[in-house]
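Here are some notes for a colleague who has not seen this structure before. Please read them with the sequence and the model side by side.

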Amino acid sequence: MHFIDDSLLPENQQPLVIQAAPYGPQWLPGDSNDVPVTMAEQVQKAVDCYNAGATVLHVHVREADGKGSKRLSMFNEMLDRLRSAVPKMVLQVGGSISFAPESEGDIARWLNDDTRHGLAELNPRPDQVTVAINTSQMNTAELKVHTDVLHTSWEDLENSPYREMTIPAGPAFVDEHIRRLVANGIQPHFQIGHLAQLETLGRMIRRGKYMGPLVLNWVAIGGGMDGPNPRAMMEFINHVPDGAVLTIEGTNRPHWPLTTMGICLGMHVRCGIEDTLQDDLGERIPSVKQVEKMVRISRELNREIATGEEAKRIYQIGTSYGSIEETLAKNGYPPLRKRGQRGFLLYDGAYFPGESQRAAEAEHQAEIQRRLDALARGDWKAATAA
């Protein structure tokens, strides 16, 4: 992404889209008093997050015993209720479904490919399903310290099953999963942990494996993904094309400085107990309070908060493209190289205004200068006159 002189001014940034991840399937009900268990509690949590300012909901589901559900029928019921309760929210199903271990000592596993492909058949369908790129380690215990997990089921970090968790996201699975999602009108939301994954996704687009808006989370959770390093974040941002939508996602207490920097830079943010239980050292913060904190920080920086309608427009929900070239152009990538073409790549259709357009732009610039001159004279009335 390119930053020009006015890119950090809030009036030139998109309204902030806040993703809420309030279900935290890695936690057990006894780990926090903010873990919704019954279906009614889970739906109410979505309503409360929306009313606080979140416009995207990262969906997981719990069974009655408090464990993360792996049943697609439960997701269908949850989505049906959410469509009625929060009709303006973007509903984003976590592509892992629930990766919580079945019992103490079990290895944390994602579901098999057939079940994961079933997310494309959910009814009612979600707006998005999250998609990982490239099989890699996802050791979500690596960045946690004792104070992050005090008095929770995670206290024995050295023996946590989450240390051995991996993301199964090889080329054959990802190609087929994206194909099924797009065919059913569901937007892939790409969860990207480092540049190698982003580069693979870029190659997929250039080969026609995905033709749609590029909607990303940078997932700075360590353990096989980037850690909470602002240089890593900026290097990632520098490689993201200008037409993409990028959300900053951290873990534990470093989540807060990362998301604050993301707001300043014009990115979007995610929060909720799936990312952190803590605010300051030793202080718990529930998901709704986390959303309210993101809203407060953004407003202090004079950046607007997206409405549900604006979030769907920014995410371009329901949009697809008809060719590789259109996908590259809309997302801000360079075009395909033509046979025999040398050097760096530009689009032939660069903007060159005609005579009437040049005249209109000159008139607009003259009007701006008139207002600046009036302000310099202290003539506020003339400066603000229509």
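**Notes on cores and helices**

1. The largest nonpolar core holds 88 residues, and those with the most contacts inside it are Ile18, Leu82, Phe190, Leu216, Leu246 and Val291. Helix α1, residues 39-52, gives the most to this core, with 6 residues. Note that the model is a predicted one.

2. Leu246 is a useful place to start looking. Leaving out residues up to four places away in sequence, Leu246 touches Met1, Leu216, Asn217, Trp218, Phe236, Ile237, Val240, Met267 and His268. Apart from the largest core lies another, of 9 residues, among them Val215, Val245, Ala306 and Tyr315.

3. How do α7 and α8 cross? The axes of helix α7 (residues 230-239) and helix α8 (residues 255-265) come within 11 Å and cross at roughly 35 degrees. The crossing of α7 and α8 is right-handed. On the α7 side the contact is made by Pro230, Met233, Met234 and Ile237, and on the α8 side by Leu258, Met261 and Leu265. By class, this contact of α7 with α8 has 7 nonpolar residues, no polar ones and no charged ones.

4. Helix α10 spans residues 308-315, and Gly308, Ala311, Ile314 and Tyr315 are buried in it. Seen down the axis of α10, the buried residues fall within an arc of 125 degrees, so they line one face of the helix. Tyr315 is also among the residues of the 9-residue core.

5. After α10 comes Gln316, which has a positive phi, near 55 degrees.

Methods
Residues are numbered from 1 along each chain as its sequence is written. This is a predicted model: local features need pLDDT of at least 70, side-chain atom pairs count only at pLDDT 80 or more; totals for chains, interfaces and linings use all residues. Side-chain values use heavy atoms; hydrogens and water are left out. Buried means under 20% relative accessible area, exposed over 50%, partly exposed in between (1.4 Å probe, protein chains only). Helices (H or I, at least four residues) and strands (E, at least two) are DSSP runs, numbered from the N terminus. The arc is that of the directions from the helix axis to the C-beta atoms. Axes are lines fitted to C-alpha atoms, for helices over the stretch in contact, and angles run from 0 to 180 degrees between N-to-C directions. A crossing is left-handed if the near helix is turned anticlockwise from the far one by less than a right angle, and right-handed if clockwise. Contact means heavy atoms within 4.5 Å. Ala, Val, Leu, Ile, Met, Phe, Trp, Tyr, Cys and Pro count as nonpolar, Asp, Glu, Lys and Arg as charged, and the others, Gly among them, as polar. A nonpolar core is a set of buried Ala, Val, Leu, Ile, Met, Phe, Trp, Tyr and Cys residues joined through side-chain atoms within 4.5 Å.
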